[in-house]
Each structure stands twice: as structure tokens, then as C-alpha cells.
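Colleague: I have this model open on my screen and would love a guided close look at one part of it. Could you walk me through it and then show me how that part sits in the rest of the chain?

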Amino acid sequence: MADKEPQQPKELPIVLVHRLPSYEIPLDPSFRDQLRSQFHMLDPHESPEPYDSFLARHAPFIRVLMTIGYSPISAEFLERLPVLELIVATSAGLNHIDLPACWSRGIVVTNVSLAFAEDVADCAVGLLIDVLRRISAADRFVRGRLWPVKENYPLGFKLGGKRVGIVGLGSIGSEVAKRLLAFGCTIAYTSRNKKQSVSFPFYANVRDLAANSDVLVLCFALTKETYHMINKDVMVALGKDGVIINVGRGSLINEKELVQCLVGGEMGGAGLDVYENEPNVPKELFGLDNVVLSPHCAVMTPESFEALDQLIVVNLKAFFSNKPLVSVVSNE
């Protein structure tokens, strides 16, 4: 019986890795190995060839790009990739990608907000409870040995019954709503468009939402249009007892005006995971017991990163198998 001819190794589908030189392909070695076992990961920064030459040589074959972190993708960069069909972002935020340029070309963009949604929502609710019940401030009160001296600690505020306005009812905002409904809060929202499948009251603009809320939770993307959307006008509409929770992006809020309102007693408090000029935080906030600060860590759980890895692989495999993609960014 004649020996069978040896099979040629199957050619792996090509994925361009787009990253700044300071960024690495996701750090988990097992995930890196998983990617490289299923896809031909083209990384210009791992080649001795000059970047521009490398990109020009491979551009006619690159249909998929995976962007690491917040590596910028401009319209000019997209012009260098004439057959690009899909961008797989490894972040939830997309302000580093020129989305209108992608959509004008018919390029589909996916992000990982689904992977992060539950843990970011948990963090948002945790920040809100902390602000209202003054948990972090109470911890400092006890550790500072003030209890035996002052005896009475200031009253906190009940979460149940609060009117919560969610700015951006996407995957994260929806998870926030689900959790706060269980606490007995009432929910309203604003988004780019009214969602027909949602029964919560919809407000066409954030100021009207603020005027009818006790709390604003910010879960929306940073774009040119949403930069400083939360300004003093919105804060005043929210009222002297109003609370803002931000797990979106720091520049969604006019930070100077936020500081002025908090220091001047024009707002009830804030829970912030993100800031305009990270890692720098306005020093005026450090002494305010009605403000809870965290270091942009809402997504930081091992479960989130495991889900992120899985979601990236699912979308890459789906594309090359002509199957539906998950967590596609809508242009509506």
C-alpha cells in the first residue's frame, strides 16, 4: 500500500496586530499562545523590517486588525489597509478609533464591553453605595481613632427609592439598571436613540434626565460630541443632593466644574473611577468625605480578563468562519 502524501500545513488566517511600541500583545502567555496557534498574528513591531515597509507589503492581505489597548486608528491609517473588513478592539472605550471613517468604509468594529459589563456595573453600584452610606469615610473615621472622641458619625443616605438616571444604556448601563432595580431604585436613561425594547423613561438630553434624577451614572463612550457633556448646567439640574458616578471616561465630565460644585456644596457627592488627566486627580477632592475615588480599576478582575480573551477569540473565529460577530459597535 502506497504511503499517503504528507499533508501541507494549513495556512492560518492573517490578523494584523495594531499597537503602540509600548503596548504588548495581551500579557497572559496562554492566551498569546492560543492566538498564535489559530491565527497568523502579524506584528510589525516584532519584525526587523521598517514599519511602513512591513505594512505596505502585507496590506493587500489584511482583512482583520486587532488593536491593543488604546492604540490610535485614524482615517489616514485606515487608508493604508484597502481590504480591511473588521477591527477587533481589546477595550470597551473606542475614542481612539475613528468610527465614522470605519463605517464609511463598511468596516465592522467590535469591542469587549460585554466582557467587562458585569464587573464595571458592580463597581458603579459599589461606588454609589459607598458615596451614599459614607463607607470609605467611615473606615477612615475608625482607623483614625476618631470614634471614641467624636462618638457620633454623620448619617448616610438610603439607596432604595433613589431616582437613577443612566447616561448610556448599552451593555454596561443595562447591567447597572438591573442591579439598581433590585435595590428598589427607579430607572430612567438617555442614549443616542430611544431603545424600543426598554420600558424605562427616556430623556432626549442629559440635562432633562439630571433634573428628574437623584443620581447620574455615566456609562457612555467618549467622542467629540460627548466631551464635557456633564457640565455645571447638568450638575445644577441634578441638585444639591445629587450624586454622579462615572465609570465611563474622565473627559465626559468638565472636571474643573465638578470640583467647583463639590467643594462649593452644590452637589451631594461623586464616585469616580476615571479622570481627565490620569493618573493625576484634582487634589481638591482628596479631603472630601462625600467623594469616593478609585484608580480606573472598574474592569480589573481576573474574570473580566478571562471573558475578554474568550470574546476576542470568538470574534476572530466567527469572522473567518462567516458566522455572526459578538459585541458589534452600532453606528445608530
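How much space lies in the second largest pocket?

Modeller: Happy to. Please keep in mind that this is a predicted model, and every value below is computed from it. The second largest pocket holds about 220 Å³ of space. It is lined by 15 residues, and Leu132, Phe157, Asp241, Val243 and Gly268 are the ones closest to its centre. Sorted by class, the lining is made up of 6 nonpolar, 4 polar and 5 charged residues.

Now for the surroundings. The protein chain has 332 residues, of which 47% count as buried. Its secondary structure comes to 12 helices and 11 strands, and its C-alpha atoms fill a box of roughly 90 × 45 × 40 Å along the principal axes. If you look at contacts between residues at least 6 apart in sequence, 60% of them join residues at least 24 apart.

The domain assignment splits the chain into domain 1 (14-111 + 301-321) and domain 2 (117-293). Taken over C-alpha atoms, the centres of these two domains are 33 Å apart. Where they are in contact, domain 1 supplies 7 residues and domain 2 supplies 4 residues.

Next, the nonpolar interior. In soluble globular proteins, nonpolar side chains tend to be buried together. Here, the largest nonpolar core has 51 residues, and Leu35, Ile166, Val176, Leu180, Ile245 and Ile312 have the most contacts inside it. Helix α5 (residues 113-133) gives the most to this core, namely 12 residues. Both domain 1 and domain 2 give residues to this core, so it lies between them. Ile166 is a good residue to click on: beyond its neighbours within four places in sequence, Ile166 is in contact with ten residues you can pick out one by one, namely Gly173, Val176, Ala177, Ile187, Ala188, Tyr189, Thr190, Leu209, Val217 and Cys219. Apart from the core that holds Ile166 lies another core, of 28 residues, which includes Phe220, Leu222, Val259 and Leu288.

A few loop positions also deserve a visit. Gly160 is in the loop between α7 (147-150) and β6 (163-167). Not counting residues up to four places away in sequence, Gly160 touches Phe183 and Gly184. Gly160 and Gly184 are 24 residues apart along the chain, yet their C-alpha atoms are separated by 4.7 Å. With 22% relative accessibility, Gly160 counts as partly exposed, because the buried class takes in values under 20%.

Further along, Pro279 belongs to the loop between β10 (269-272) and β11 (291-293). The peptide bond leading from Glu278 into Pro279 is cis, with omega near 5 degrees.

Two backbone angles round off the tour. His296, in the loop between β11 and α12 (302-320), has a positive phi of about 50 degrees although it is not a glycine. His296 is partly exposed, with a relative accessible area of 26%. Asn322, in the segment after α12, is not a glycine either, and its phi is positive at about 60 degrees. At 72% relative accessibility, Asn322 counts as exposed.

How values were computed: Residues are numbered from 1 along each chain as its sequence is written. This is a predicted model: local features need pLDDT of at least 70, side-chain atom pairs count only at pLDDT 80 or more; totals for chains, interfaces and linings use all residues. Side-chain values use heavy atoms; hydrogens and water are left out. A nonpolar core is a set of buried Ala, Val, Leu, Ile, Met, Phe, Trp, Tyr and Cys residues joined through side-chain atoms within 4.5 Å. Buried means under 20% relative accessible area, exposed over 50%, partly exposed in between (1.4 Å probe, protein chains only). Helices (H or I, at least four residues) and strands (E, at least two) are DSSP runs, numbered from the N terminus. Domain bounds come from an automatic or database domain assignment. Contact means heavy atoms within 4.5 Å. On a 1 Å grid over the protein atoms alone, a cavity is a set of points where a 1.4 Å probe fits but cannot get out, and a pocket is an open set with protein on both sides within 12 Å along at least five of seven lines; lining residues have an atom within 4 Å of a point. Grid points are joined across faces, edges and corners, and a volume is the space filled by probe spheres set on the points. Ala, Val, Leu, Ile, Met, Phe, Trp, Tyr, Cys and Pro count as nonpolar, Asp, Glu, Lys and Arg as charged, and the others, Gly among them, as polar.
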